[in-house]
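I opened this notebook to record what I looked up in the structure, one topic at a time. Each entry states what I sought and what I found.

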Amino acid sequence: MAEVYTHEREVNAMLDLVPDMFPSAEDLGNHDRTFLEPACGSGNFLEEILQRKLSTVTVRSYGRGERYEHRILRCLAATYGIDIDPENVTESRDRLRAVISSHLDRDLNTQAPTQGFATAVEAILVTNIIRADTLLDSKHIVLVRYRPGRGATFIREWETLAEPEEAPQLDLFGEFFSNPGRDSLGIHYSALAQHPGPFVGGT
């Protein structure tokens with residue numbers, strides 16, 4: 001696979017170059033900035049990105065209910081990874097799952113998250129961390145953009161990566177999608193797994 005393994009030191013040094021992409025003392029709610037790792041490997045960057053996003057998602061700030069769970073999911077839902085190796089995709093998902101579990105253990109202590117939260121994590125990992133060749137398959141790669149709404153909901157948009165000919169310089173932090181599908185109504189995060197396709201309500 002000709003993989004190159006990025007050391008933790010380099011991961012942190014590179015992410016430190018974009019401090020505005022992460023929550024800070026001045027902007028504690030900055031959790032929806034989008035990251036796309038087009039060759040994510042086993043998830044070195046994804047793991048650190050999610051850890052940095054979750055650093056300001058605390059019970060003290062968001063309480064212990066659905067607002068807290070929704071905020072964690074917002075951090076995950078704006079984090080994307082693509083890799084050609086299915087083993088890397090599995091490991092990346094496992095590592096992000098472990099980051100969330102560790103965060104909950106530290107912050108929620110003995111309280112367990114809801115079942116709806118757990119199924120939402122799995123649903124988002126399936127749509128956001130995928131196996132594909134970003135260079136050759138961009139025309140066919142479909143990702144889901146999760147737009148947070150009120151009442152712990154999301155509106156999802158199914159979007160394909162732009163073809164390289166149409167976007168010679170892919171902006172990994174900007175509008176890198178074109179849009180073929182969308183939820184008609186906001187969907188509560190606990191129902192994401194039950195509605196893997198566009199949600200129209202009443203079904």
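**Entry 1. A buried ring and its partner.** I began with Phe-35, which is buried because its relative accessible area is 3%, under the 20% cut-off. I note at the outset that the model is predicted. I then looked for aromatic pairs and found that the structure holds 2 of them. In one pair, the rings of Phe-22 and Phe-35 have centres 5.1 Å apart and planes at 25°, so I recorded this pair as stacked. Phe-22 sits in the loop between helix H1 (8–15) and strand S1 (35–37), while Phe-35 belongs to strand S1, so the pair ties together parts that are 13 residues apart in sequence. Phe-22 also counts as buried, at 6% relative accessibility.

The other pair I noted is Tyr-146 with Phe-154, which is edge-to-face, with 5.6 Å from centre to centre and 85° between the planes. Tyr-146 and Phe-154 are both buried. I reminded myself that a pair of aromatic rings is described by the distance of the centres and the angle of the planes.

I returned to Phe-22 to see what lies over its ring. I found Arg-52 over the face of Phe-22, at 5.4 Å from the ring centre.

**Entry 2. The chain as a whole.** I next listed the secondary structure, which comes to 7 helices and 7 strands. Read from the N terminus, the order of the elements is α-β-α-α-α-β-α-α-β-α-β-β-β-β. The chain has 203 residues, and 46% of them are buried. The chain exposes about 10,600 Å², of which carbon and sulfur atoms supply 52%. I also looked at contacts between residues at least 6 apart in sequence, and 69% of these join residues at least 24 apart.

**Entry 3. Helix H2.** Is helix H2 mostly covered or mostly uncovered? I found H2 mostly covered, with 8 of its 11 residues buried. The buried residues are Phe-45, Leu-46, Glu-48, Ile-49, Leu-50, Arg-52, Lys-53 and Leu-54. Arg-52, already noted over the ring of Phe-22, is thus listed here among the buried residues of H2. The elements against which the buried residues of H2 pack are H1, S1, H4, S2, H5 and S3.

I chose Leu-54, in helix H2 (residues 44–54), for a closer look. Leu-54 counts as buried because its relative accessibility is 2%. Beyond its neighbours within four places in sequence, Leu-54 is in contact with Ile-72, Cys-75, Val-99, Ile-100 and His-103. Leu-54 and His-103 are 49 residues apart along the chain, yet their C-alpha atoms are separated by 7.5 Å.

**Entry 4. Cysteines.** I recalled that a disulfide is a covalent bond between the sulfur atoms of two cysteines. How many disulfides does a search of the whole structure find? The search finds 0 disulfides. I noted two cysteines all the same. Cys-75, one of the contacts of Leu-54, counts as buried at 0% relative accessibility. Cys-40 counts as buried at 5%.

**Entry 5. Arg-74 in helix H4.** I located Arg-74 in helix H4. Is Arg-74 buried or exposed? Arg-74 is buried, because its relative accessible area is 16% and the cut-off is 20%. Apart from its neighbours within four places in sequence, Arg-74 is in contact with His-31, Asp-32, Pro-148 and Phe-154. Phe-154 is also a member of the edge-to-face pair in my first entry.

**Entry 6. Helix H6.** I then checked the length of helix H6 (residues 115–128), which has 14 residues. From its first C-alpha to its last, H6 reaches 20 Å, close to the 20 Å expected at 1.5 Å a residue. The buried residues of H6 are Gly-116, Phe-117, Ala-120, Val-121, Ala-123, Ile-124, Leu-125, Thr-127 and Asn-128. Their cover includes helix H4 (66–77), strand S2 (79–83), helix H5 (86–107), strand S3 (129–131) and strand S4 (142–149).

Within H6 I followed Val-121. Val-121 is buried, with a relative accessible area of 5%. Leaving out neighbours within four places in sequence, I listed its contacts as Leu-73, Leu-76 and Ile-100. Ile-100 appears also among the contacts of Leu-54. Finally, Val-121 and Tyr-189 are 68 residues apart in sequence and 9.1 Å apart in space, C-alpha to C-alpha.

Notes: Residues numbered from 1 in each chain as written. Predicted model: local features only at pLDDT ≥ 70, side-chain atom pairs only at ≥ 80, totals over all residues. Heavy atoms only, no water. Helix = DSSP H or I, 4+ residues; strand = E, 2+ residues; numbered from the N terminus. Expected span 1.5 Å × (residues − 1). Buried < 20%, exposed > 50% of the residue type's maximum accessible area, 1.4 Å probe, protein only. Contact = heavy atoms within 4.5 Å. Areas by Shrake-Rupley, 256 points an atom, 1.4 Å probe, with all protein chains shown as cover. Phe/Tyr/Trp six-rings, centres within 6.5 Å; stacked < 30°, edge-to-face > 60°. Lys NZ or Arg CZ within 6 Å of the ring centre and 35° of its normal. Disulfide = S-S within 2.5 Å.
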